[in-house]
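Got a minute to look inside a protein? Have the sequence and the 3D view ready, and let's walk through how the pieces fit together.

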Amino acid sequence: MSDGYMSDSATTRLRAVGLRVTKPRIAVLELLDTAGSSHEHVTVADLADRVRNRLGSVSTQAVYDCLEALTSAGIVRRIEPAGHPTRYETRVGDNHHHLICRACGLTTDVDCAVGAAPCLEPSSHAGYVVDEAEVIFWGLCPTCAADRRAADRRAAERGAADRGAAEGHPEPQPTYTKGQP
Ligand SMILES: [Zn+2]
Ligand SMILES: [Zn+2]
């Protein structure tokens, strides 16, 4: 898979889509590129912190505005997983999909299954002209899956201990009185 989408400078990408080149826009693109090189998908809150670290005082609203312009222009991609904060990345135009952890929200890229949109064909297109399939594979990331297994194990051990305790102190058995029919 080509990395061409990130090899152009932020300035070149802004000019290519006809956007004015501003410091916050460059910072947002470059910080998302850096995050993307370690396969990170960044929330607005995280990104705003990073932009402020670099540029000083920039409001979160200004970062939102940047992201809106960059997303509309197609040089930033927005991922909106239900029940999780929105995340952003500069890996665009390759129709890749995402694995998302239900527990911690970790988001990981998965290459497009076919290599071109829409990747998946609906069983019925109902007359729509389909050009994209946005796929999220939901589950637990390796860390959360390991935590879950450890918690299950602890619960099972606790259960066994409880049963052991119960055997040591048996519940009084109900007594039955035979009545006349
Ligand atoms: Zn997780
Ligand atoms: Zn991605």
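We'll start in the core and then look at two pairs of helices.

Keep in mind that this is a predicted model. Its largest nonpolar core has 18 residues, and the ones touching the most other members are Val28, Leu32, Leu47, Val51, Val63, Leu67 and Leu70. Where do they come from? Four helices each chip in at least two core residues: α2 (10-16), α3 (23-37), α4 (44-55) and α5 (60-72). The biggest giver is α3, with five residues.

Now zoom in on Val63. If you skip its neighbours within four places in sequence, Val63 is still in contact with Val28, Val44, Leu47, Ala48, Val51 and Val58.

Next, find α4 and α5. Their axes come within 9 Å and cross at roughly 110°. Angles from 65 to 115 degrees count as roughly perpendicular, so that is how α4 sits relative to α5. On the α4 side, the contact uses Val44, Leu47, Ala48 and Val51, while α5 brings Thr60, Val63, Tyr64 and Leu67. Sort the residues of this contact and you get seven nonpolar, one polar and no charged.

Finally, turn to α3 and α4. Here the axes are 10 Å apart and the packing angle is about 120°, so these two helices are oblique to each other. Their crossing is right-handed. From α3 come Lys23, Pro24, Ala27, Val28 and Leu31, and they meet Leu47, Arg50, Val51, Arg54 and Leu55 of α4. What classes of residue make up this contact of α3 with α4? There are seven nonpolar, no polar and three charged ones.

Definitions and conventions
Residues numbered from 1 in each chain as written. Chains lettered and ligands numbered in written order. Predicted model: local features only at pLDDT ≥ 70, side-chain atom pairs only at ≥ 80, totals over all residues. Core = buried A, V, L, I, M, F, W, Y, C linked by C-beta atoms within 7 Å. Buried ≥ 20, exposed ≤ 12 C-beta atoms within 10 Å, placed from the backbone. Contact = placed C-beta atoms within 7 Å. Axes fitted to C-alpha atoms, helices over the stretch in contact; angles between N-to-C directions. Parallel < 35°, antiparallel > 145°, perpendicular 65-115°, else oblique. Nonpolar A, V, L, I, M, F, W, Y, C, P; charged D, E, K, R; others polar. Left-handed = near helix turned anticlockwise from the far one by under 90°.
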